[in-house]
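This report describes selected features of one protein model. The reader is invited to keep the sequence and the structure in view while reading.

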Amino acid sequence: MTAYTAVILIYVICALLGYRYFENARNDVYKKSEKSILFLILFTGFAVRCALAARDYSFSFDTGCFTAWAAKTVEVGFGNMYGGDFFLDYPPFYMYVLFVTQVIKNLLGISGGVADIFAVKLAPMIADIVSGYVIYRFSKRLTDGKLSLYLAALYVFCPMVVYNSAVWGQIDSFLSLFLVLSFCFLVEDRTIVASVCYAVALLTKPQALLFGPVLLFLMIRKADVKETAKALSVGFLCLWGFSLPFSDGLSPLWLINLYRSTMNGYRYFTVNAYNFWRLMNKNWVALDGVAGAEYINTVVITLLLCGTAYLFFRCEKRTAVFNTAFCLISVIFTFGTMMHERYIFPSVIIALFGFIYSGKKYFLALGVASSANGYLNIAMSMSSQYGPYYISPSRQRAVGALCVAVCVAGLVLFAREALKEPKIIFLTEHIAEFALAGIVIVYSLFAFYRLGRTKSPETFWQSGEAGEYFVYTFDSPVQIKEIWTFSGLGDENYPEKCRKVGADISISVPGDGNSRQEIAEITHDRVFKWKKTRVNLYTDSLLIKANKEYSVISEIIVIDANGEIIRGSITDSSCHGAYSPYLALDESETVPTAADDFYYSTYFDEIYFARTAYEMTKGYSLYETTHPPLGKMIIAAGIMLFGMNPFGARVFGVIAGIIMIPVIYLLAWRLFDSKKCGLICAALLSLEFMHYTQSRIATVDTFLVLFCLLSFLFMAYYRKYADETRGIFCLLFGGLSMGCALSVKWNAAFACVGLALFFFMICAERYKNADDKIIMAKNIGLTCVFCLFAFVILPLWVCFAVNVPFLSGGNLARKLRSYLEIQHNIFAYHSGVTATHPYRSPWHCWRFDSKPIWFAVSYIGDKISTISSFGNPIIWIFGFFCVIFCAYYGIKKKSVSFAAVAASWLCALLPWAFIHRPLFIYHYYTCAVFVILAIGGFAKVCTADFQNKKRKRLILRFIVLSAGAFAVFYPVISGAVVPREYTDFLGSPAFWG
């Protein structure tokens with residue numbers, strides 16, 4: 001520790017003296033020897049690195065990985081790097097560097113030993129020197145030039161930078177260089193080049209994701225949609241282009257999966273990072289073993305983003321960029337979990353560029369302090385694992401305290417700089433957009449949190465006939481506590497008459513003599529679900545027998561009394577089909593690790609919709625045909641991207657739910673000519689229970705409501721642009737959206753009536769306000785004729801087109817007959833449903849939220865996990881009276897917007913009174929959207945267009961009350977595990993779902 005402290009003291013003293021010398025240097029003397037000094041700095045820095053790298057000392061795990069990966073790039077080629085049977089957790093860009101390294105090693109005959117490690121370290125050492133030169137060039141261009149050599153030397157001889165590449169053998173210089181270049185080019189409005197640099201940084205290390213908000217904030221500040229679209233397109237093109245050679249045979253989202261697994265690979269409070277959690281003695285302490293620890297990063301990142309966003313838009317642009325970047329890495333490294341010691345590395349070069357672009361001297365101080373913090377983190381971490389040094393707990397805490405101090409200093413200096421401004425720059429002009437973005441981000445965090453597992457069993461054993469069996473034998477007799485089974489769908493040879501049964505198997509153990517004793521009979525009547533069978537036996541083998549033909553078991557996992565997986569081998573089998581029993585024993589890592597069933601399995605109507613979507617991806621005959629196919633096709637897209645697992649089946653529903661928030665914002669804005677109305681509606685939709693629950697389940701209702709909302713939005717835009725050419729396109733897109741809604745569920749037709757009333761109200765309004773009523777009557781007549789195409793022919797064509805892949809017959813006439821037959825079958829099914837259901841509810845009770853439906857429940861000892869679908873009672877009950885107000889106000893004031901909202905709500909609700917099949921509260925989902933719009937309209941009127949401050953406060957309190965209700969009922973709509981006493985406090989589960 002003394003040696004490390006001495007190195008830091010020498011560096012700090014040299015940094016202070018160097019700054020004093022170069023700041024006071026004479027320009028004429030300085031310019032004469034500038035190039036020579038630069039060469040000396042870079043050459044000496046490289047020589048020092050070579051001397052250190054030539055020692056037989058490195059972080060062997062990292063350099064060993066780099067050496068192996070370099071060899072693999074030549075041995076197996078790029079296309080087989082990420083599909084191989086070896087460990088590889090780095091993104092693909094650095095594989096190109098390793099490929100060049102390996103080619104040079106092969107040419108020079110280097111294989112093993114110190115020379116091999118030196119070759120691997122050479123690329124990051126060169127990156128250090130290049131970074132020093134880049135610092136010099138930018139400083140020379142942006143400052144008076146006297147300090148450019150000083151800044152280059154400050155980085156090249158930074159102990160952290162030298163140690164990281166020449167001793168440890170890591171590649172963080174590559175990441176840091178491309179990151180700061182992306183910041184610099186974006187500050188200079190070279191957006192395309194910046195996007196390329198950031199894409200390269202992202203493909204170098206996943207830690208580049210931490211800096212994404214800086215680029216996002218800056219692009220928002222530029223407010224140039226066209227330039228932003230170009231930059232994003234080029235960035236994605238670079239990501240795709242650089243990763244394409246590695247993509248052979250991989251999922252389209254293999255890179256995202258790689259990032260996700262890498263970022264979650266070490267679930268500990270800290271992984272050798274000397275930060276706040278090291279102060280708390282949490283090094284290598286598992287997150288999963290501490291209640292609430294999984295929320296730490298979410299809370300830290302959310303607070304950090306909100307705080308830095310506020311400060312960013314108060315600051316001058318150049319200062320804001322580098323302050324934000326420095327605070328992001330410092331705060332996440334210091335207070336975030338799962339941090340490695342090297343993650344703080346980019347802070348030094350960020351601070352130096354902050355000084356270059358802003359001239360603020362505190363950036364230099366932060367850079368020097370960060371270099372000390374980073375060096376101690378890296379050097380002490382490596383020495384504690386590979387060196388002979390013992391680092392006492394007090395010294396470890398001292399470095400952790402230094403880390404916290406540097407982080408707090410960065411935040412304080414950023415805040416002081418930002419708060420100098422008398423008002424928020426740019427933010428005041430776009431406050432509604434920022435508020436909407438905040439609503440969307442917060443809702444997205446809640447919506448994606450524990451949405452579903454991303455991995456489920458994929459391979460399966462399928463019996464060819466009843467009685468087939470195999471014997472699963474263990475190395476020695478074991479005490480078995482549980483048997484987990486998962487049944488998938490099987491293949492297309494699965495007979496239609498048996499398609500509803502996933503599996504019917506029996507499990508037995510050896511008895512007296514040659515007899516066997518049956519211990520369990522397991523039936524899966526729902527597919528893609530885990531089932532836990534509790535047993536208590538001591539045996540050395542299990543016999544698994546299929547009781548019915550075509551029984552499908554995707555996975556069988558045996559758990560002992562300690563909760564560990566018991567593994568064995570197959571010693572006997574009568575299976576002669578195409579599927580080996582080993583296929584039911586090869587994915588034990590997918591076993592549920594918690595008892596909240598919804599996270600790992602399908603639930604409620606997912607057993608129909610998600611299953612049918614999966615059948616679509618496989619080209620199998622479809623199980624669920626009682627609704628049009630578009631919603632299931634959208635679910636299938638998620639399954640194709642992420643696999644047949646809970647997350648893949650639900651992800652597009654969540655995305656649709658997120659999209660609904662800005663859509664209702666735009667619709668309310670256009671209806672009531674107020675962004676504040678739009679924000680109120682967006683906030684209330686994000687707090688609406690049913691919207692949250694329905695978007696997180698792999699059913700189709702969210703897609704239906706989204707398309708209905710879009711059709712009304714386009715009609716609202718038509719009202720604005722009716723006298724322009726773009727009004728025609730609004731009608732076309734409105735008809736297309738309604739066609740998509742009808743292709744999801746037929747009850748979209750109820751909303752069609754409300755949309756038609758809205759259109760005729762607009763026509764009446766245009767006629768009333770027209771100067772020449774004869775010409776206007778002709779225009780309206782022509783528009784009505786066009787609407788026959790836009791809202792009749794086009795939707796019918798959409799409904800037919802989405803059915804085409806599932807129609808029989810070779811020519812158009814036969815396909816039409818097949819289509820009409822499918823529609824007849826849908827109608828016959830729904831009109832003939834008479835089965836009772838404990839959670840069916842009459843249509844007239846929905847508006848008061850009085851009969852919810854229970855989707856899922858898991859009892860976990862004295863705790864419970866439950867998902868119910870019902871509305872936020874604060875919103876639904878008050879909203880009903882707002883709908884009545886809208887009807888009254890629309891008639892009295894002849895307001896099209898208010899009348900349209902009330903009429904659309906009534907049209908979406910009243911037809912259910914004439915339907916005699918069992919109904920459920922989620923059929924009110926479409927109406928709930930118009931309830932929220934009615935609240936927005938009421939808020940505008942009662943506050944006199946938001947001029948009455950007292951009534952504005954009442955609206956704010958109403959939103960806060962709705963948020964409070966969301967917080968209180970969150971456990972019963974999300975599946976969160978809570979004590980049963982809590983749900984009993986809210987009311988019996990039978991009532992709340």
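The sections below treat one helix, one of its residues, a set of paired strands and the cysteines.

**Helix H34**

The model is predicted. Helix H34 comprises 26 residues, from 949 to 974. From its first C-alpha to its last, H34 reaches 36 Å, which is close to the 38 Å expected at 1.5 Å a residue. The helix nevertheless contains a kink of about 50° at Val968, shortly before the proline Pro971.

The two ends of H34 may be described in turn. At the N-terminal end, Asn948 acts as a cap, with a side-chain oxygen 3.1 Å from the backbone nitrogen of Lys950. Just after the helix, Gly975 adopts a positive phi of about 85°. Several residues of H34 are buried, including Ile955, Phe958, Ile959, Phe966, Phe969 and Tyr970.

**Ser974**

Ser974 lies in H34. Is Ser974 buried or exposed? Ser974 has a relative accessible area of 4% and is therefore buried, since the limit for that term is under 20%. The side chain of Ser974 takes part in polar contacts with the backbone: a polar atom of this side chain lies 2.7 Å from the backbone oxygen of Tyr970, and the side chain also reaches the backbone nitrogen of Ala976 at 3.3 Å. When residues up to four places away in sequence are not counted, Ser974 touches Phe598, Tyr692, Arg696, Thr866 and Ile867.

**Strands that pair with S7**

Strand S7 covers residues 529–546 and runs antiparallel to strand S4, residues 469–487. These two strands are joined by 14 bridges. Within S7, Ser541 stands opposite Thr473. Strand S5, residues 503–510, is also antiparallel to S7, and four bridges join the two. Here Leu543 of S7 has Ser508 opposite.

**Cysteines**

How many disulfides does a search of the whole structure find? The search finds zero. Two cysteines are listed below with the distance to the nearest cysteine sulfur.

| Cysteine | Nearest cysteine sulfur | Distance |
|---|---|---|
| Cys184 | Cys197 | 9.1 Å |
| Cys306 | Cys327 | 15 Å |

A disulfide requires two cysteine sulfur atoms within 2.5 Å. With the nearest cysteine sulfur 9.1 Å away, Cys184 is in no disulfide. Cys306 is likewise in no disulfide, its nearest cysteine sulfur being 15 Å away. Cys184 has a relative accessible area of 0% and is therefore buried.

Definitions and conventions
Residues are numbered from 1 along each chain as its sequence is written. This is a predicted model: local features need pLDDT of at least 70, side-chain atom pairs count only at pLDDT 80 or more; totals for chains, interfaces and linings use all residues. Side-chain values use heavy atoms; hydrogens and water are left out. The expected span of a helix is 1.5 Å times one less than its number of residues. The bend at a residue is the angle between axes fitted to the seven residues ending there and the seven starting there. Buried means under 20% relative accessible area, exposed over 50%, partly exposed in between (1.4 Å probe, protein chains only). A polar contact is a pair of N or O atoms within 3.5 Å; within protein, one must be able to donate a hydrogen and the other to accept it, and residues adjacent in sequence count only if both atoms are side-chain atoms. Two strands pair if DSSP finds at least two bridges between them. Contact means heavy atoms within 4.5 Å.
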